[in-house]
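Subject: The structure for you to look at

Hi there,

Here is the structure I promised to pass on. Please open it beside this message while you read.

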Amino acid sequence: MKLESKELMLVTGGATTATWINAVARAANAIMDFGRTVGTAIRRIWTRNYC
């Protein structure tokens, strides 16, 4: 079966793949790590504990 160009434009679908889920999880972890780093920096500045 061979699809014409018009038919190919109408193809829809897809699924949540493991790669996509992994990318979302990594992004969430990166955001959490960034927040943790910023929070720690603010706390260290606030308490004047730089060592």
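Below is what I found, going from the overall form to single residues.

One thing to keep in mind throughout: this is a predicted model.

Overall form

The secondary structure amounts to two helices and zero strands. Along the principal axes, the C-alpha atoms take up a box of roughly 70 × 20 × 15 Å. The radius of gyration says something similar: the protein has 23 Å, whereas a compact globule of 51 residues would come out near 10 Å. How much of the protein counts as buried? Of the 51 residues, 0% do. The accessible surface is about 5,300 Å², and carbon and sulfur atoms account for 64% of that.

The helix H2

H2 covers residues 18-47. Does its length fit, or not fit, what its residue count leads us to expect? With 30 residues at 1.5 Å a residue, H2 should span 44 Å, and because its end C-alpha atoms lie 43 Å apart, the two values agree.

H2 also carries the one salt bridge that the structure holds. The partners are aspartate 33 and arginine 36, whose side chains meet at 2.8 Å, N to O. Both residues sit in H2, three residues apart, which is about one turn of the helix. Aspartate 33 has 41% relative accessibility, so this residue counts as partly exposed; the range for that label runs between 20% and 50%.

Just past H2

H2 is followed by arginine 48, a residue in the segment after the helix. What stands out about its backbone? Phi of arginine 48 is near 55 degrees, a positive value in a residue other than glycine. Most residues other than glycine have a negative phi. Arginine 48 is also exposed, because its relative accessibility is 68% and the cut-off for exposed is over 50%.

The nonpolar patch

Towards the other end of the numbering, Met1, Leu3, Leu8 and Val11 make a nonpolar surface patch of about 480 Å². Valine 11, one of these four, is placed in the loop between helix H1 (5-9) and H2. Is valine 11 buried or exposed? Its relative accessible area is 54%, so valine 11 is exposed.

If you only have a minute, I would look at the salt bridge between aspartate 33 and arginine 36, the positive phi of arginine 48, and the patch that includes Val11.

Happy to go through any of this with you.

Best wishes

How values were computed. Residues are numbered from 1 along each chain as its sequence is written. This is a predicted model: local features need pLDDT of at least 70, side-chain atom pairs count only at pLDDT 80 or more; totals for chains, interfaces and linings use all residues. Side-chain values use heavy atoms; hydrogens and water are left out. Helices (H or I, at least four residues) and strands (E, at least two) are DSSP runs, numbered from the N terminus. Buried means under 20% relative accessible area, exposed over 50%, partly exposed in between (1.4 Å probe, protein chains only). Patches are made of residues with over 30% relative accessible area and no salt bridge: like charges are joined within 9 Å, nonpolar side chains (Val, Leu, Ile, Met, Phe, Trp, Tyr) within 5 Å. Accessible areas come from the Shrake-Rupley method with a 1.4 Å probe; for residues, only the protein chains shown count as cover. The radius of gyration is taken over C-alpha atoms; the globule rule is 2.2 Å times the number of residues to the power 0.38. The expected span of a helix is 1.5 Å times one less than its number of residues.
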